[in-house]
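Trainee: I'm new to this structure and would like a close look at a single part. Could you pick a spot in the loops and walk me through it?

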Amino acid sequence: MNNASSAGSKTARRDFFKKALAAMIGTILGLVPAVAGLTVFFDPLRRKAATGGAIRVTTLEAVPADGVPRKFPVLATRVDVWNKFSETPIGAVYLRRTGDDKLQALNVVCPHAGCFVDFLPERGRFLCPCHNSTFTLAGRIDDPASPAPRGLDALEVEVRAGKEVWVKFRNFQAGRAEKIPVA
Ligand code: FES
């Protein structure tokens, strides 16, 4: 083999490897968004509560007729791409009768920093055990020294078919004077 043909074949080999490398890089770059998309699609943590609106919480007869608030868990179906989790707790509400078939629903989460408030029947008040915010029966701030920036979060509630209690359950950002839903 003479020098000229040897140099030519080296150049051809270099070209071949350059093209192969470019094709490989192109393929890898093309796969990145596809893999990222699949990861998002199959991520089991991307579960969402299948709420989309009101959730049946309890029956009207389970809410004390004397106007004393009672705490109820809020259960919802959660789904991801692989599984469906029926009746998973997503929060809790205090329900109180304000009339024969009229109710008030308050989220149990304290708007200061997110602790669960207790109802104290002897005082007719809600108390947050974390930093002592107190709230009236209607959910308004009771003691002005309470660190909570707003009252307890009222939720939409309705009685359906004369006996089922449905609540539009939402959580709201803690530490804010405004009521901003958590996405
Ligand atoms: S979390 Fe309720 S007062 Fe701080």
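Mentor: Sure, let's start with aspartate 153, which is buried, at a relative accessible area of 3%. Keep in mind as we go that this is a predicted model. You'll find aspartate 153 in the loop between E8 and strand E9 (154–155). It counts as buried because 3% falls under the 20% cut-off.

What does the aspartate 153 side chain pair up with? Look at arginine 150: a polar contact of 2.8 Å links the two side chains. Then look further along the chain. If you skip the neighbours within four places in sequence, aspartate 153 touches Ala105, Leu106, Asn107, Phe172 and Lys179.

Now for two other loop residues, where the backbone is the thing to look at. As background, most residues other than glycine have a negative phi. Asparagine 132 isn't a glycine, yet its phi is positive, at about 65°. Asparagine 132 sits in the loop that runs between strand E7 (125–127) and strand E8 (134–135). As for its surroundings, asparagine 132 is exposed, with 51% relative accessible area.

Alanine 161 is the other one: again not a glycine, and again with a positive phi, about 55°. Its loop is the one between strand E10 (157–160) and strand E11 (164–168). Alanine 161 is exposed too, at 71% relative accessibility. So, back where we began, aspartate 153 is the buried residue at 3%, while asparagine 132 is exposed at 51% and alanine 161 is exposed at 71%.

Conventions
Residues are numbered from 1 along each chain as its sequence is written. This is a predicted model: local features need pLDDT of at least 70, side-chain atom pairs count only at pLDDT 80 or more; totals for chains, interfaces and linings use all residues. Side-chain values use heavy atoms; hydrogens and water are left out. Helices (H or I, at least four residues) and strands (E, at least two) are DSSP runs, numbered from the N terminus. Buried means under 20% relative accessible area, exposed over 50%, partly exposed in between (1.4 Å probe, protein chains only). A polar contact is a pair of N or O atoms within 3.5 Å; within protein, one must be able to donate a hydrogen and the other to accept it, and residues adjacent in sequence count only if both atoms are side-chain atoms. Contact means heavy atoms within 4.5 Å.
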